[in-house]
Structure formats: structure tokens, C-alpha cells
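These are my notebook entries on a structure that I wanted to read slowly, one sheet and one helix pair at a time. I wrote down what I looked up and left the rest for another day.

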Amino acid sequence: MGKKKGGRRLNKQIVADALQSLFQAHPGETLTFKQIFKALRLDTHPAKMLAIDVMEEMAWEDWLSKVGQTAYKLNLKTQVQEGTFLRKANGKNSFMPDDGGKPVFVAERNSMFALTGDRVRVAFMARRQNHIKEAMVTEILERKHDQAVGVLQVEKDFAFLNTEGNIFVHDILIPKKKLKGGKTGDKAVVKITQWPSDESKNIVGEVVDVLGKQGENTVEMHAILAQYGLPYRYPQRVEDAANKIAAEISEEEIARREDFRDVLTFTIDPKDAKDFDDALSFKKTGDKNFEVGVHIADVSHYIPEGSIIDREAQQRATSVYLVDRTIPMLPERLCNFICSLRPDEEKLCYSVVFILDAEANIKSWHLAHTVIKSDRRYAYEEVQDILDGNNGDYAEELRLLSQMAQKLRERRFKSGAVKFDREELHFDIDADGHPTRCFFKKSTLATQLIEEFMLLANRTVAESVGSVKGLELRDVSPSTAPAKSLNKKAKTFVYRIHDQPDPQKLEALRHVASAFGYKVKTSGTKSAISKSLNQMMTEAQGRREQKLIEAVTLKAMMKAKYSTHNIGHYGLAFDYYTHFTSPIRRYPDMMVHRLLTKYQEGGRSANQDHYEDLCEHSSEMEQVAQNAERDSIKYKMVEFMGDKVGQEFDAHISGVQSYGIYCEIDENHCEGLVGMHDLDGDYYEFDEKNFQLVGRRHHRKYQLGDAVRIKVARANLEKRQLDFILAD
């Protein structure tokens, strides 16, 4: 280094880069000046003095630690961390530290080809003036995935896989004998068999599954699942095990349960649902009170813990709902037949039975294993029609239940629940899977009826285990024996928890809200803050800034997750909350059923570490499933807009980034990007704090929530990307 060819003289930057590489290559070692000068071939006095000056600066930045007067070592405490890698197709990869700190940029050349989800060790690079914080992957501790999805390109002597989103700098090389029959244009799943040792070598893999021709609907949906490591076929051995389960219910089993077969019972679900995992029963008790039963499919009765079906369900952790299909957690025989609470069929349930007055106050309740027989299957639309005043089966009962649900809802918000009536994007799909209509589903009285009683059941069973009050539960068998307390001391349980909003993001929300004249509390009791948020969102309804206020409020919220360590549920304003009501599609609900049964029967507290591991896995798989669901929506959105290129639409700005603005079409809710290069006439700067782009010369602003007129420029199905330009 000390004798650069071509007359290139040493400067501070060259020496700094060389020192950085040297110390990162020896992270645990103390290097003396002599060793450093020799390693970098610094053989002149000026070069050595320059290196010493640079090392002093690195020590001042805490990048190096000084050892004595003539030696340094890498400051491992602040410069080496472990965490998770996140790969981006645009090359803006990042590292997420285990300690929950902010993400750190990782350039592709410093990534060691790590993939999203890989556990890595990084060394932070010495920061230059005005440079962003940057890290270098020094070791991949654990590979999250060793598979990639893409399109095959088969040549005469070799083949490549062009990966989804071009997440690798180089394509994956596939020996022709490892193609498994795949041809050019086929989408395939490839297992990586050899990782490169440096950038000059290709990644090598072999085809494990040929999905089919690019562009075919089922192929594309399976590709999305495979991209996230989610299964797109059910293992035959698990299906075979499910097929051996008897659907008949013995008289002995019925005798062990409370019998609700003669009580009015019905299900209310989306019109295209097949897995009915919850039902409501309703009966007047004669003393101006009502008995309302929340009946949940008793899935754990049919699936022994540790069985082949249980292990598969545990691994999946959740059903995955793509636009045109459901990838079930359980085999179809269980989720759509044996456990599904279909009308006019006797079914086994685990039930929370309430005695409520007309104001929906709980007079008493108990938990019981039951047998039911649903009298009617409703779609939400049918119930809403009745609640709107039209005639229908059991109209009086449905209206009474709806009135009680609204009482529960009012109390929940009065207690401090955050009022997010989030709209969900849906598509009408034809027989070939092509989207014919794009629309939002909104909350209605019918959906709120079911929602409130499910929330009540979830909250009540969580309180029964976690609350020091120790609510009373009836024994499993329907006897007249005195009720016994389930809770002497809080036992291990699975909670659905939701932490308080991020204080920094809440402050950012206050800043944005104040610009529109809204006041938001960022300190005080949880209830006071949430009531303040609700008031702001109510006042913003119908105004230009509504989308902005809702988006920034949502951004301030933490993600809900599963844990055995209860901290309450901020969004719902519940001190104790769990998921009990959907065991057909969520594994945590199965865990809750098993724990409740165990404790009802007098069992000891379960192993907390074991259940915490299961909670962490379930939370992780929930996020993966949501990502896959979002990608399927993106794909159908682009497909839906494919024949509308060149057309203009009214829209509003739904996102602002340093590279452009996202716009959502008002008519159909499809979202696309107007890139920074398409914002003509000025140079725009990203004002992250105020969610806007500001023109440097003309001061034109593009802010979240603004109304715009756009033209559809491109609809790229391969990248699942819509590109807009602003219409004149």
C-alpha cells in the first residue's frame, strides 16, 4: 500500500478504508503499530503518521479502542453486533439489531449474500463526515432459508434462475442435470447448494420444484408462498392421518358435555367461508336476562398434542389467506368438515357461556366443553339486511344481540380502546382467477356483532387465568357441583399482547396533527392518550387530511404479538387478552384451549419457556403470512390494472418516500408509485418528519393525503409493481 503504482498518492480516505478492512478482518485482536504498518505496507514516515492520525479519529468515534500507547483493537462493544438481515431488490439492504435498535444500511458488496431473515454478525463501518451509518456482514450465523423462487432461463450448456425482484446481484447458476425438467419461462423453486466465497463466483443451486409457466394464476400464487417459505401443498401423510379421524360423536362423549343442541344457535361468516369455527347461541332466561353462548370448534379434541397433524399445524401456525385461495393450517377434512360448525350437524365445541342483562353487563359466566347443533348459517350481508330493518329468520334475536354488541363496543371505546375501523381490500375473482372488481370491505353492524362477542370471550378466558381476581369457572362436566376457581395463582398462559405506542412516533404524530389544528396527548394515562387519538380521528373524518392522520396514527402503533408475559392489549384497552375463538386457523388458539382444559382439570402450570418459544414462532409466522397475503393483493392489483394503462384517475397520496410518492386511486383503491424522476420541473427534498416532498426552487409540496390526478404508466406483473405519472 505504501508504494501505489500509477503515481496514486496515499490520502486520508485510502488509509482509513485500509485500516477499517484490517481491523474488521481481525475483530478480536489487538494490533500494534508495527503490525499495522507491516500489514498495510506503510514504509514512509508521512504514511505512518497519517495512519496514526486516522486511528486516533477512529478511537474518538468509538470505532477503535486504544490499548496502551502503541496499539489498537476493534471496539467490539459498539462495533460488532448480531441481528437479522433484510434484503431489498433495490440494493438498500439493512441489518436489524437484536437489541431493537434502528436498522442499519448494508451495501450489497458487504452483504456476504445474506438473505432476508438470516441471522448475521456485523461490524459497523467507520463513519465519514455526512455519511449514513453503515455495517458489513462478517459472518452468517444461521441461514433462514436456502431456497429461492424465480424464472428459469435454459441455455445450451447451462441454466440460470432469475430471482423474484432480482434480489441477487448475480443469477443463480443451475447445472443442466439439476433442472428437474424445467424449461425457459418456467417458474421454479431452487435450493441453493453452494454460496459464493467472493463476488466473482455464482451462487449454485438445483431445482426442487417446477411450479409451471410464468403468468398462470396458480403458478404465481404458489410462487408467492414459496418465496416466503410457506407450504403450497399439504403433505399426503398428514392428509392420510386426518382421513382416519372419525366424524361420528359417541353418546359417551355427548354425556360428558353440556348439551346445547336444543338451544337456538347460528353462525355468521363471510359468504364464501367454509371453515365455520365460531357460533353464537341465544336464549331468554325468564328474568330479563339472556344466555349468550360463544361456541368455538373443539379442534384440540381431535388433534392430540404431538401428533403428526399437530406438528404440521404448529409449524404452519396460521392459515394463509391469499386473494383467490386459502392455505389452511389444518387438513381440509378437519377444517371444512369435522370441526366446521355447519348447520344441522352435531358438533363438539369449547364454549364461553354468559348470562347478560339488556345492557350487556355480565351477571355470571362459565366455560364448558359442549355439543351444539347450528340452526342457521348466515352470511354477514344477510344479517346486515335484517339489522337494517328487513324481515328474516330470528330477526328479533339478531337485533337483541346487535344491541348488546353495540353496548360492549361503546364501553370498550369509553375505556380507552383505539378506534381503528380498518378497511380491507378485496377482489371479485372469475373462474380463471382474474380480478374483475376491486373494493374495500368496511365494518358493519353485522361484523361488529360477531367481533364484540369474540372479543368478550377472548378477554374473559384470559382474565380467568391471568387476573388475580380469579374468576369462577364451572367444571368440565355439566354438573350441579359448586364452581371452583381456576386461578389460585397466575399460571402459564398464552396472551395476545399489544404494547403502548412508540413515544418518538407519537411525538411525530403530534407534530403532524398540530399542523392541521388537532391536539394529541403524548403523555398521561393510556386511556387519556387513546381517547385523544380517537377524538382526533373522529374530527378528521371526511376531511382532506383524514388519510394522513389515520396513516401516521397507525404508524405510531406497535405490532400485536403472542407471549406468555402479559402486558395487556393497548389497542383494545384490555388488561388481559388472548386468542380463543379461531383454533381452526390459528395455532395459539389451540394452545389456549389445551391450557384451559388442563387447568380446569386441576393440572399444574405448564412449562413457560416451551410456550414462549411457541408464541415467538406463531408471531413470526403470522407476520410471514401477512407479507404473503399483501404480495398476493399487489399481484392482483397490478393484474386488475393491466388493461388500464394510459387511463387517468382521481387519487390521493398514500405514501411519501425519498424516491417518490405512492398514490391510491379513489375509485378502486389500487396503489402505484410516481417516481421522483417523474416529478418534473424541480428538485424535491424528502421531509420525513412531515411526510412530504418539497420542491427546492418552486416550493411545491406533495404531502400524504393530498388529492392528485394520475395516469397509469406501467403495470409490471413480474415485479408486482404499478407505476403512475401525474396527469397534466
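Before anything else I noted what pairing means here: two strands pair if DSSP finds at least two bridges between them. I also reminded myself that this is a predicted model.

**Entry 1: the three-stranded sheet**

I began with β1 and β3 (residues 71–74), and found that three bridges join these strands, which run antiparallel. One position that I could point to was Thr 32, which stands opposite Ala 71 in β3. Widening the view, I saw that three strands form an open sheet with antiparallel pairing, in the order β1-β3-β2. Because β1 (30–32) and β2 (64–66) each have a single partner strand, they stand at the edges, and one side of each is left without a neighbour in the sheet. From one strand to the next, the twist averages 30 degrees.

I then looked for what lies against this sheet, and found helix α1 (residues 12–25) across β1, β2 and β3, running at about 70 degrees to β3. α1 also packs with helix α3 (residues 45–60) at an angle of about 65 degrees, their axes being 10 Å apart, and the crossing is right-handed. Among the residues making this contact are Val 15, Leu 19 and Phe 23 of α1, and Leu 50, Val 54 and Met 58 of α3.

**Entry 2: the seven-stranded sheet**

Next I turned to an open sheet of seven strands with mixed pairing, which I copied down in the order β14-β21-β20-β17-β16-β15-β22. Here β14 (258–259) and β22 (376–379) are the edge strands, since each has a single partner strand.

Inside this sheet I followed the pairs one by one. β16 and β17 run antiparallel and are joined by seven bridges, with Ile 296 in β17 as the bridge partner of Asp 278. These two strands form a hairpin with five residues between them, and Gly 286 in the turn has a positive phi of about 95 degrees. β17 also pairs with β20 in the antiparallel sense, over eight bridges, and there His 295 stands opposite Ser 351. β20 (residues 346–356) and β21 (residues 362–373) are antiparallel too, and share eleven bridges.

Is β17 buried, or is it exposed? Eight of its eight residues are buried, so β17 is largely enclosed by the rest of the structure. In a regular strand the side chains alternate between the two faces of the sheet. I could read this off in β17, where Phe 290, Val 292, Val 294 and Ile 296 are on one side, and Glu 291, Gly 293, His 295 and Ala 297 are on the other. Helix α12 (residues 395–414) lies across five of the strands, β15, β16, β17, β20 and β22, and runs at about 105 degrees to β16.

**Entry 3: a helix pair and one threonine**

I looked up helices α14 (residues 503–515) and α16 (residues 546–556), whose axes come within 8 Å and cross at roughly 165 degrees. That angle makes α14 roughly antiparallel to α16, and the crossing is left-handed.

Last, I checked Thr 318, which sits in the loop between α9 (308–316) and β18 (320–322). Its relative accessibility is 16%, and Thr 318 therefore counts as buried, the cut-off being under 20%. The side chain of Thr 318 reaches the backbone oxygen of Arg 585 at 3.5 Å, and Met 329 and Met 621 are among the residues that Thr 318 touches.

Definitions and conventions:
Residues are numbered from 1 along each chain as its sequence is written. This is a predicted model: local features need pLDDT of at least 70, side-chain atom pairs count only at pLDDT 80 or more; totals for chains, interfaces and linings use all residues. Side-chain values use heavy atoms; hydrogens and water are left out. Helices (H or I, at least four residues) and strands (E, at least two) are DSSP runs, numbered from the N terminus. Axes are lines fitted to C-alpha atoms, for helices over the stretch in contact, and angles run from 0 to 180 degrees between N-to-C directions. Contact means heavy atoms within 4.5 Å. Buried means under 20% relative accessible area, exposed over 50%, partly exposed in between (1.4 Å probe, protein chains only). A polar contact is a pair of N or O atoms within 3.5 Å; within protein, one must be able to donate a hydrogen and the other to accept it, and residues adjacent in sequence count only if both atoms are side-chain atoms. Angles under 35 degrees count as roughly parallel, over 145 as roughly antiparallel, 65 to 115 as roughly perpendicular and the rest as oblique. A crossing is left-handed if the near helix is turned anticlockwise from the far one by less than a right angle, and right-handed if clockwise. Lists of a residue's contacts leave out its neighbours within four places in sequence.
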